[in-house]
Amino acid sequence: MADYDEHLQRPKVVFVFSGKRKSGKDFVAKKLEESLGCDKCVTIRLSGPLKHEYARQNGLDFHRLLDSSTYKERFRQDMIRWGEEKRIVDPSFFCQLAIKMMISESCNKNYRVWIISDARRKTDVQFFKENYHKVVNVRITASERTRESRGWIFTSGVDDAESECGLDEEEFDVVIQNDGDEERLNYHVMCLQNYVCPP
């Protein structure tokens with residue numbers, strides 16, 4: 001078990017989101033967070049601590065690494081390599097660090113719902129399932145055509161690496177198609193809310 005305060009490690013529900021680049025994971029996570037209420041729900045990005053430490057060690061702009069800019073894409077492959085080296089030593093390293101960062105930044109507020117917006121590997125999902133009572137494994141999908149319209153371009157060494165393909169064969173509790181149909185997306189978000197407050 002992770003070593004943060006006991007009362008801060010017990011959210012009612014943990015949603016673990018995954019999906020390919022430009023599938024809209026952050027967008028769907030934001031919609032769910034807004035629908036549940038920002039006072040009850042927090043989004044945790046596993047890539048946050050990875051990018052923070054990578055930026056610090058390499059003299060880069062951490063905030064520009066967080067957005068979807070071409071700046072981030074220039075360093076993506078090397079970040080993946082560096083992150084893998086850390087995970088070999090401790091597969092849960094970035095999961096635990098992301099939670100600690102969230103607790104620190106939220107002044108120890110106890111959120112009932114956590115949204116992990118960017119799980120990429122089986123060890124990410126395994127960490128939350130082993131440490132938290134109610135975990136909902138959610139896959140965000142979008143067609144290649146939609147992803148291309150959002151700026152996705154296939155990149156060898158990125159789109160065929162474990163960071164993009166590690167959960168391709170995973171069994172998910174919920175699969176959300178995010179191709180721009182707002183009504184359909186709102187329905188899926190409502191279904192996710194039911195895991196928190198059953199009808």
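Trainee: Three residues from H8 make up the largest share of the lining of the largest cavity. What makes a space a cavity here?

Mentor: Picture a 1 Å grid over the protein atoms alone: a cavity is a set of points where a 1.4 Å probe fits but cannot get out, and residues with an atom within 4 Å of a point line it. This is a predicted model, where local features need pLDDT of at least 70, side-chain atom pairs count only at pLDDT 80 or more, and totals for chains, interfaces and linings use all residues. Residues are numbered from 1 along each chain as its sequence is written, and side-chain values use heavy atoms, leaving out hydrogens and water.

Trainee: How many cavities of 30 Å³ or more are there?

Mentor: Just one. The largest cavity has a volume of about 40 Å³, where a volume is the space filled by probe spheres set on the joined grid points. Its lining is made of Ser18, Gly19, Ala119, Arg120, Arg139, Ser163, Glu164, Cys165, Gly166 and Leu167. Both E1 and H8 supply at least two of the lining residues.

Trainee: What makes something like H8 a helix, and where does its number come from?

Mentor: Helices are DSSP runs of H or I with at least four residues, strands are runs of E with at least two, and the numbers count from the N terminus. Glu164, for example, lies in helix H8.

Trainee: And why is Glu164 called buried?

Mentor: Set its value against the cut-offs. Under 20% relative accessible area is buried, over 50% is exposed, and in between is partly exposed (1.4 Å probe, protein chains only). Glu164 comes in at 4%, so it is buried.

Trainee: Which residues does Glu164 touch, beyond those up to four places away in sequence?

Mentor: Contact means heavy atoms within 4.5 Å. By that test Glu164 touches Lys20, Arg21, Arg76, Arg120, Val158 and Asp159. Its side chain also reaches the backbone nitrogen of Arg21 at 3.0 Å.

Trainee: What makes a pair of atoms a polar contact?

Mentor: It takes two N or O atoms within 3.5 Å; within protein, one must be able to donate a hydrogen and the other to accept it, and residues adjacent in sequence count only through two side-chain atoms. The Glu164 pair, at 3.0 Å, is one example. Tyr71 offers another: a polar atom of its side chain lies 3.0 Å from the backbone nitrogen of Asp61.

Trainee: Where does Tyr71 sit, and how do you know whether Tyr71 is buried or exposed?

Mentor: Tyr71 is in helix H4. Its relative accessible area is 9%, so Tyr71 is buried. Apart from neighbours within four places in sequence, Tyr71 contacts Leu60, Asp61, Arg64 and Leu65. Asp61 is ten residues from Tyr71 in sequence, and their C-alpha atoms are 9.1 Å apart.

Trainee: How is a pocket told apart from a cavity?

Mentor: A pocket is an open set of points, with protein on both sides within 12 Å along at least five of seven lines. The largest pocket holds about 680 Å³ of space. It is lined by 31 residues, and the closest to its centre are Lys25, Lys51, Lys72, Arg76 and Arg120. Helices H1 (25-36), H2 (47-58), H4 (70-89) and H8 (162-165) each give two or more residues to that lining. H4 gives the most, with six.

Trainee: What does the UniProt record mark as "binding site"?

Mentor: The unreviewed UniProt entry puts that label on Lys20, Arg21, Lys22, Ser23, Gly24, Lys25, Asp26 and Arg150. Such annotations may be inferred rather than shown by experiment.

Trainee: How do you know whether those residues gather at one spot or spread out?

Mentor: They span 131 residues in sequence, yet no two of their C-alpha atoms are more than 13.1 Å apart, so they gather at one spot. Lys20, Arg21, Lys22, Ser23, Gly24, Lys25, Asp26 and Arg150 are also part of the lining of the largest pocket.

Trainee: Why do Lys22 and Lys25 get separate labels?

Mentor: Lys22, in the loop between strand E1 (13-19) and H1, has a relative accessible area of 25%, so it is partly exposed. Lys25 belongs to helix H1, and at 10% it counts as buried. Beyond residues up to four places away, Lys25 touches Phe17, Ser18, Gly19, Lys20, Ser117, Asp118, Arg120 and Ile140. A polar atom of the Lys25 side chain is 3.4 Å from the backbone oxygen of Lys20.
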